[in-house]
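User: I would like to go through the terms used for this model one at a time, and to hear what each of them rests on. Please show the structure before we start.

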Amino acid sequence: MRPTLLFAFAALALPFAACPADVAPSLVTRGLIGHWKFDGNGKDTSSRAAHGELLGTPGFPDTSVGGKNIRLNGRDTAVRIPAAQAPSLAEGGFSIALFVQPRSNREQTILSQVDETGTGWRLLQTKSMGIRLETTGQAAAVNSNIESPENVLASGRWGHVVIAVNRSVDGGFA
C-alpha cells in the first residue's frame, strides 16, 4: 500500500501568488507532480489532479498578493492526498517548495508521507526554527536526513522553504 501524503501544517499557512507574466508556463509545469494552490480548496491544479481532502475546518484567508492561503492549526486540520495519487519520493530527484508562516518555535510536521508501518518521510519545522527533511521507519536505514541551520524561520513572518534532492549525486536524501 502506498503511503498517504499529508499536509499537516501546525499553525502554518501557505499563500499562493500568481506567476509573473515573464515566466513561461511550460517552464513552471514541466515535470510537475502536484500543485496545490489552497485557493479555498484542496484541489491539485497539475495534470495529475491529485485532489486533497480537507480534514477539519481549515481557514482560507486572502493574501496581500491576490489569491488565498490555507491556515491549519496543527491539531485537527490537515489536507490528505489519497495514497494512490500521492507523489512518491522513494527514488530519483525531487524538489519541494512552499511558503510557511510559523506561529511558534515548537517542532511541528509541515508535510509527511508515511505508510501504515511508519516508513516514509516528514518535513518538519524544528524547535530552533530550522527545517528538517527526515526519513522514518525502514526508509531511515537507506537515507540520510537534511537539516537547515537554526533560525532560518522567524515566528510570525513568511518564509520560503525549498528542498532539492539530487540522488544521482547525493545517493540518499543527503
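Analyst: A residue is called buried under 20% relative accessible area and exposed over 50%, with partly exposed in between. Please keep in mind that this is a predicted model.

User: Why is Glu-147 called partly exposed?

Analyst: The relative accessible area of Glu-147 is 48%, and partly exposed is the term for values between the 20% and 50% limits, so Glu-147 is given that term. Arg-122, with a relative accessible area of 24%, is likewise partly exposed.

User: What makes Glu-134 and Arg-132 buried?

Analyst: Buried requires a value under 20%; Glu-134 has a relative accessible area of 10% and Arg-132 has one of 13%, so each of the two meets the criterion. Across the protein chain, buried residues make up 41% of the 174 residues.

User: How do you know that Arg-122 and Glu-134 form a salt bridge?

Analyst: The criterion is a side-chain nitrogen of Lys or Arg within 4 Å of a carboxyl oxygen of Asp or Glu, and the closest N and O atoms of Arg-122 and Glu-134 are 2.2 Å apart, so the pair qualifies. Arg-122 belongs to strand E8 (residues 120–125) and Glu-134 to strand E9 (residues 131–136), so this salt bridge ties together parts that are twelve residues apart in sequence.

User: What makes the contact of Arg-132 with Glu-147 a salt bridge?

Analyst: The N to O distance between the side chains of Arg-132 and Glu-147 is 3.7 Å, and the limit is 4 Å, so the term applies here as well. This pair links distant parts of the chain, since Arg-132 is in strand E9 and Glu-147 in strand E10 (residues 146–147), 15 residues apart. Arg-132 also forms a salt bridge with Glu-134, where the closest N and O atoms are 2.9 Å apart. Glu-107, Arg-122, Arg-132, Glu-134 and Glu-147 are linked in a network of salt bridges, and the structure holds six salt bridges.

User: Why are strand E6 and strand E11 said to pair?

Analyst: Pairing needs at least two bridges between the strands; E6 (residues 94–100) and E11 (residues 159–165) have seven, in the antiparallel sense, so they count as paired. One of the bridge partners is Val-165 in E11, which is matched with Phe-94.

User: Which side chains of strand E6 point to the buried face?

Analyst: Phe-94, Ile-96, Leu-98 and Val-100 point to one face and are buried, whereas Ser-95, Ala-97 and Phe-99 point to the other and are not, which gives strand E6 an alternating pattern.

User: How confident is the predictor in the protein chain, and which strand has the lowest mean pLDDT?

Analyst: The protein chain averages a pLDDT of 76, and 74% of the residues score at least 70. Among its elements, strand E2 (residues 10–15) has the lowest mean pLDDT, 36, and strand E3 (residues 53–55) the highest, 89. Over residues 1–21 the pLDDT is below 50, although in the model this stretch has 107 contacts beyond near neighbours in sequence.

Note on methods: Residues are numbered from 1 along each chain as its sequence is written. This is a predicted model: local features need pLDDT of at least 70, side-chain atom pairs count only at pLDDT 80 or more; totals for chains, interfaces and linings use all residues. Side-chain values use heavy atoms; hydrogens and water are left out. Buried means under 20% relative accessible area, exposed over 50%, partly exposed in between (1.4 Å probe, protein chains only). Helices (H or I, at least four residues) and strands (E, at least two) are DSSP runs, numbered from the N terminus. pLDDT is the predictor's confidence in each residue, from 0 to 100. Contact means heavy atoms within 4.5 Å.
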